[in-house]
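Morning, everyone. I will take you through one model today, chain by chain, and then the contacts between chains. Please have the structure open.

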Amino acid sequence: MTDITSTSPAQSSSRPSTYKGEGLKNGAIQALLWLNAVIMLYPLFVMVMSSFKSNAEIFSSPLALPQGLNFANLEKVWSETNFLQYMGNSLLVTTASVALILVVSTMAAYAIARYEFRHSGLWLMFFLSGMTVPLKLAIIPLFLQLNALNLLNTYAGLILVYTAMGIPSAVFIMTGFLRALPKELEESARIDGANELVIMWQVMLPLARPAMVIVAIQNAVPIWNDFFFPLILITSDSLKTLPQGLTVFMGEFVTDWGVLFTGLTLAALPITLLYILLSRQFIAGLTQGAIK
Amino acid sequence: MTAERRRNSSPLSRRSLWIAFLLAPAAVIMMTFVVWPLMSALQLSFFRFEGLTPGDFVWFENFNKVLFQSPFREATYNALWHNIVVFFALMVLENGLALLIAYALLKELPGHRVHQVIVFLPVVLSAVIVAFLWKLLLHPLFGVVNAALGLFGIMGPAWLGSEPTALGSIVFANVWHWMGFPTLVLLAGMQRISREVLEAARLDGAGDWTILTKIVWPLIAPSVTIVTVLTFIGSFNWFELPLMMADMEGSPGRSTDVLALYFYRTAFGSVTSGIQDFGQGSALAVLMFLFVGAVTVVALKYLRSREIEI
Amino acid sequence: MTIAKLVRTVLLGGITAGLVTNAALAADITFWTWRQEDKAAYEQFFAAFTAENPDINVKFEALPDDTYPTMVSTGLAAGKAADVIHTHAYGWLDQFVRSGYLEPLDQAAVPSLANFTPDAIEALSFRENHQVYAVPFATMTLGLFINKDVFEKAGLTPPTTWEEFKTVSEALKAQGIIPLANGLGTSWFNEMFVSVFTGPFLGSDFGAELSTGATTYKDPRYAAALSKLLELRDYMPPNYAGVDYDTAGQLFLSGRAAMLAGGSFDIANYRKLNPAINMDFIAPPAASAGDASHASKFYDGGYAVNAASPNKEAAERLVNWMGTAEFGNMFSNTLGNISPINGVEITDPILHHVAELNQTAVPHLNVVYFRFGKPTGSEILQANITKMMAGDMTPEQVGVEMTNGIATWFAPFQGK
């Protein structure tokens, strides 16, 4: 008997192991997980430390702690960019894009996964085809397209481009998960006379929460971090996203690694904090589909 | 809609309408902002370029160049080979480790929530940060990695500067950056396995390895499909990390060159080495499209066939 | 574009929260550059320009280096590019001209073109008809940085010949100083490294011979010059293969290395990073005593007028002003680069020295001659030089690769 069936650690530790090696083995697993945690966290620690260092310090003693908390780099970034404005823009663009991706992709994936209709396989391939080559290739026609639609230098333009880029993998992931849901639930709801919308919304989609969480995070991260498309599609300073604004700013300090790390840390900070704050919900969402 | 009309409309067409309604928004957005621009770019592969604008229609001249003419041919196969290496390396390292970690997390040992948060933490970072960090950590003179090796009296190599280690170093940084993602996808798959099944196996005396390979592995087939296909497509679109950890040229000596870099360099040029050739760049992109598309179709067929309904 | 129209009608009602850039004032023009770090300087220049031309305001927009070619070609293709565009010279300019994106300049509209040498004008001209398309902005000189303090402390004098270079380097090494800071971790910087040390061995005529096809990179002189680089490996930092441009600068500035092969464009940068540094910029070592030594040189680029600009007249007035000695003096003194404008007074002692080196400098070969087709000479050299330094390729093989690659688009090399 192991703790695999229980959810509370306290309960599990009080339970006797069925064989002697169990405790030792779990200890080894724990040790490996912690080793992994150190490898995951150490570089982040270096990054934060580096942002308090001067250029010379980074090169002469990259491992050492900074000589005191030097906020000069931070001040420089803060005073010379519209940091809050950029962050607000990034939040707006990322949230809107992810929401739109979730809505339209879930709809499409639901159609492909749960209904049998002609060419449903072709539809999946159509959506997948958007992933096979980087959209960067098409930047000139894309730019012309947005120009024709009067969407250059707008939030809407950027959001629609990100949505279009996110749809392929989102449809793919959602299709995979939705397909794996048991048919019985759907059938019994149908027999009970529920219409298709109700079946989708109230019966099936709640079961697909983990996939939605995965899709959301998988898209939010690259969208939040992207600077290529804003650089090309956005020109007004008031509409710039955080990575875009900081990329341009950091370009003025190309050889100043301290400022560079500060800029990078600040760019990463909002989404990292957001992730840590929401991690409980994130993980809860992810385990929602668990069949206990 | 009145009750009268509802009764008149055939169930089939109402169902079709419903399906069309579900598909339409995603399809329209994709058509407008991905498919149409991509098609317009891809058709440029049939033109010889005069500077930055298309000149004569030359049929397959650009394809002929990148596939069969020296020195482009060598560059194409070199980059393709690296993409293949990256795919297999990521499958084994990133997804292999992710599978083990996901299984360890599934056991819900004390502290598993903390680990779940930590393993995913690097995923939220941008490739720019990851590249800067690992360049610093792997720095040939000041880097932590070589300093650590120095403690054991080993003189570490110039990780990113020498041909035998450069690609591997970037793959490693990629594993560090993205491992959390397959971990969570696989974990989400594992959590759908009924606890009774696992418990029964354990009562029968099955060890962890047997449970992982004989029970968990087949039951998480849908997650494995997702992870494999995304890794494959990701490996062939691999761009930002090699660009920022090495450079646009795939340095040193093209040892980190991959198709996306090669195509971007060809299409848009690089200030410090080359000029633009959109025709040839588009030809490369078309070939990538065909190759990745074809392999994905075949792979999906195979992967789907091994999925079982739970 | 039917899809576009369809989608536009659907979208306009809902989500289009468009902000349109104001085009109210006819004399508001925009300047695009990749020189993000020069923002403050250019804003100062443009303020001086507006003081003299109150009807024209210039907006400075810096775009990241990496994406600059993409953004310029995208902007030009859609008619959304800046009025005045900072462009690189030679092949880079060539592709924009070929597409008709840039306005040809003449002395009627831009009289300051008379302030340049024919050499400078040619660098910013379309090769096929020698029509000039941009006002040249800077020459870049490649040579050897010397940390004078390090040399003084070591009791050595900077080398002037190859043999001296080796003796001095051995002596520096014996004292625990890295003789040469360069590594091979940054491919564009590697090409400059090659140019610095091979220049004196190739001499002043080699470039001209290459440009007509009278010789190719298969010439034994080229292989001999490249093979000299192999001797440098003993004097480069440990793990030099991975030492990149930033690290090399850091090694030199901190005094851990005594010399650095680099470009005059870094003089101002190095002073900013280490204001206390006592350095000089000298010619690379001559082949042997009595031989002339040659630095390498190229024109970095120029200021061009967008052919589709609605403010062409204002744009031309700006580029004309950017060709005057008034601008040149400001430019050289503020940014620490050599302006090629006649009549510019260079007061800084190191820059003055660089200007002298320019008199006998040889062209930076691939940049000047072989970036007009794919694959460029630079691409091939950059991809192969690390292999040669690692011993995986011979200098002869590098020459063959370069010749054969360039021959795919450069007729004078074909069949050679």
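**Chain B, then its partners**

Chain B has 15 helices and 2 strands. Its radius of gyration is 24 Å, while the globule rule gives 19 Å for 310 residues, so chain B is more spread out than a compact globule. Keep in mind throughout that this is a predicted model.

Along the principal axes, the C-alpha atoms of chain B fill a box of roughly 75 × 65 × 30 Å. Of the 310 residues in chain B, 55% are buried. If we take the contacts in chain B with a separation of 6 or more, 67% are between residues 24 or more positions apart.

There is one record to mention here. UniProt, in an unreviewed entry, puts the feature "domain: ABC transmembrane type-1" at residues 80–299 of chain B. In the model, that span of chain B is 71% helix and 0% strand, and its end C-alpha atoms are 18 Å apart.

Next, chain A. What is chain A built from, helices or strands? The count is 14 helices and 0 strands, so to speak a plain run of α along the sequence. Buried residues are 50% of the 292 residues of chain A. For contacts in chain A between residues at least 6 apart in sequence, the share that joins residues at least 24 apart is 73%.

The domain assignment splits chain A into domain 1, residues 3–74, and domain 2, residues 76–287. The C-alpha centres of these two domains of chain A lie 29 Å apart. Where they meet, 11 residues of domain 1 of chain A are in contact with 11 residues of domain 2 of chain A. On the domain 1 side, at least two residues each come from helix 2 (21–50), helix 3 (55–60) and helix 4 (72–80) of chain A. By class, that side of domain 1 of chain A has 5 nonpolar, 5 polar and 1 charged.

UniProt, again in an unreviewed entry, lists "transmembrane region" in chain A at residues 31–52, 91–113, 122–143, 155–178 and 257–278. I will show two of these. Residues 31–52 of chain A are 91% helix and 0% strand, with the end C-alpha atoms 31 Å apart. Residues 257–278 of chain A are 100% helix and 0% strand, and here the end C-alpha atoms are 31 Å apart.

Now the contact between chain B and chain A. How many residues does each chain put in? Chain B gives 77 residues and chain A gives 84 residues. On the side of chain B, helix 2 of chain B has the largest share, 17 residues. The residues on that side of chain B are 57 nonpolar, 12 polar and 8 charged.

Chain B also touches chain C. This contact takes 34 residues from chain B and 41 residues from chain C. Which element of chain B gives the most to this side? Helix 2 of chain B, residues 11–42, does, with 4 residues. The side of chain B that touches chain C has 15 nonpolar, 13 polar and 6 charged residues.

That leaves chain C itself. Chain C is divided into domain 1, which is 23–139 + 299–352, and domain 2, which is 141–297 + 363–413. Between the C-alpha centres of domain 1 and domain 2 of chain C there are 29 Å. The contact between them involves 12 residues from domain 1 of chain C and 13 residues from domain 2 of chain C. Helix 4 (90–98) and helix 15 (349–360) of chain C each supply at least two residues on the domain 1 side. Helix 4 of chain C has the largest share of that side, 4 residues. That side of domain 1 of chain C divides into 6 nonpolar, 4 polar and 2 charged residues.

Last, confidence. The model scores ipTM 0.85 and pTM 0.89. Chain C has an average pLDDT of 91, and 94% of its residues score at least 70. Among the elements of chain C, strand 7 (residues 178–180) has the highest mean pLDDT, 98, and helix 1 (residues 2–13) the lowest, 44. Over residues 1–25 of chain C the pLDDT is below 50, and this stretch has 31 contacts in the model beyond near neighbours in sequence. Where pLDDT is low, the predicted coordinates should not be read in detail.

Notes. Residues numbered from 1 in each chain as written. Chains lettered and ligands numbered in written order. Predicted model: local features only at pLDDT ≥ 70, side-chain atom pairs only at ≥ 80, totals over all residues. Rg over C-alpha atoms; globule rule 2.2 N^0.38 Å. Buried ≥ 20, exposed ≤ 12 C-beta atoms within 10 Å, placed from the backbone. Contact = placed C-beta atoms within 7 Å. Domains from an automatic or database assignment. Nonpolar A, V, L, I, M, F, W, Y, C, P; charged D, E, K, R; others polar. UniProt positions renumbered as here; feature names shortened; annotations may be inferred. pLDDT = per-residue confidence, 0-100.
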